[in-house]
Amino acid sequence: MVWRMTKDVIIPAAVTAVWLWFAACICRNTGGFDWFRYWLIAGFPYGISRMRMILVPVNYGLSGSLGVFALDCILGGLIGGLALVFYILKLMGRTIRILMGNAMA
């Protein structure tokens, strides 16, 4: 049970916590905390893989290509913010399932 709990819950939760802390450090400024930037930065690694499609700039100049790349990053961050919420809920569900499964045995 300990190895399963470590592999399924503790390591992914620790990696997520470190990433969220890193994103929080980036989003602090003198005027307060930028929640929209936090949502984008925290969700980016979880959303870019779930987009299933990245807009590929074809027949654009340099500025058009950078604009499409920026749009990809923003969409990935927004999608990833939602995916991150569900990922955290999934980790909580795994924890409960592992603990309840061990209590039932």
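The following exercises, each with a worked solution, concern a predicted model of a protein.

**Exercise 1. Confidence**

Determine the mean pLDDT of the protein, and identify which elements have the lowest and the highest mean values.

*Solution.* Begin with the whole protein: its mean pLDDT is 86, and 94% of its residues reach 70 or more. Then turn to the elements. The lowest mean, 87, belongs to helix α3 (residues 62-104), and the highest, 91, to α2.

**Exercise 2. Geometry of helix α1**

Compare the expected span of α1 with the distance between its end C-alpha atoms, and locate its bend.

*Solution.* Step one is the expected span, for which the rise is 1.5 Å a residue; the 26 residues of α1 should therefore cover 38 Å. Step two is the model itself, in which the end C-alpha atoms lie 35 Å apart, in agreement with that expectation. Step three is the bend: α1 turns by about 30 degrees at Ile 10, and Pro 12 follows within four residues.

**Exercise 3. The environment of Asp 8**

Classify Asp 8 as buried or exposed, and list its contacts beyond its neighbours within four places in sequence.

*Solution.* First, place the residue: Asp 8 belongs to helix α1, which covers residues 2-27. Next, apply the cut-off for burial, which is under 20% relative accessible area. Asp 8 has 18%, so it is buried. Other buried residues of α1 include Met 5, Val 9, Pro 12 and Leu 20. Finally, with neighbours within four places in sequence set aside, Asp 8 is in contact with Leu 91, Arg 94 and Ile 98.

**Exercise 4. Cysteines**

Establish how many disulfides the model contains, and give the accessibility of Cys 25 and of Cys 27.

*Solution.* A disulfide requires two cysteine sulfur atoms within 2.5 Å. The count by this rule is zero. For Cys 25, the nearest cysteine sulfur is that of Cys 27, at 9.4 Å, and Cys 25 is in no disulfide. Likewise, Cys 27 is in no disulfide, its nearest cysteine sulfur being that of Cys 25. As for accessibility, Cys 25 is partly exposed at 33%, whereas Cys 27 is buried at 1%.

**Exercise 5. Aromatic pairs**

State how many aromatic pairs the structure holds, then characterise the pair of Trp 19 and Phe 22 and that of Trp 35 and Tyr 38.

*Solution.* The structure holds five aromatic pairs. In the pair of Trp 19 and Phe 22, the ring centres are 5.5 Å apart and the planes meet at 40 degrees, so this pair is tilted. Both residues lie in helix α1, three residues apart, about one turn of the helix. Trp 19 is partly exposed at 26% relative accessibility, and Phe 22 is partly exposed at 39%.

The pair of Trp 35 and Tyr 38 has a centre-to-centre distance of 5.9 Å and an angle of 90 degrees between the planes, an edge-to-face arrangement. These two residues are three apart in helix α2 (residues 35-47), which means that about one helical turn separates them. Trp 35 is exposed at 60% relative accessibility, while Tyr 38 is buried at 18%. Ring pairs also join Phe 33 to Trp 35 and Tyr 38 in a cluster.

**Exercise 6. A backbone angle**

Describe the phi angle, location and accessibility of Asn 59.

*Solution.* Asn 59 is not a glycine, yet its phi is positive, at about 60 degrees. Its location is the loop between α2 and α3. With a relative accessibility of 77%, Asn 59 counts as exposed.

Note on methods: Residues numbered from 1 in each chain as written. Predicted model: local features only at pLDDT ≥ 70, side-chain atom pairs only at ≥ 80, totals over all residues. Heavy atoms only, no water. Buried < 20%, exposed > 50% of the residue type's maximum accessible area, 1.4 Å probe, protein only. Contact = heavy atoms within 4.5 Å. Phe/Tyr/Trp six-rings, centres within 6.5 Å; stacked < 30°, edge-to-face > 60°. pLDDT = per-residue confidence, 0-100. Expected span 1.5 Å × (residues − 1). Bend = angle between axes of the 7 residues up to and from the residue.
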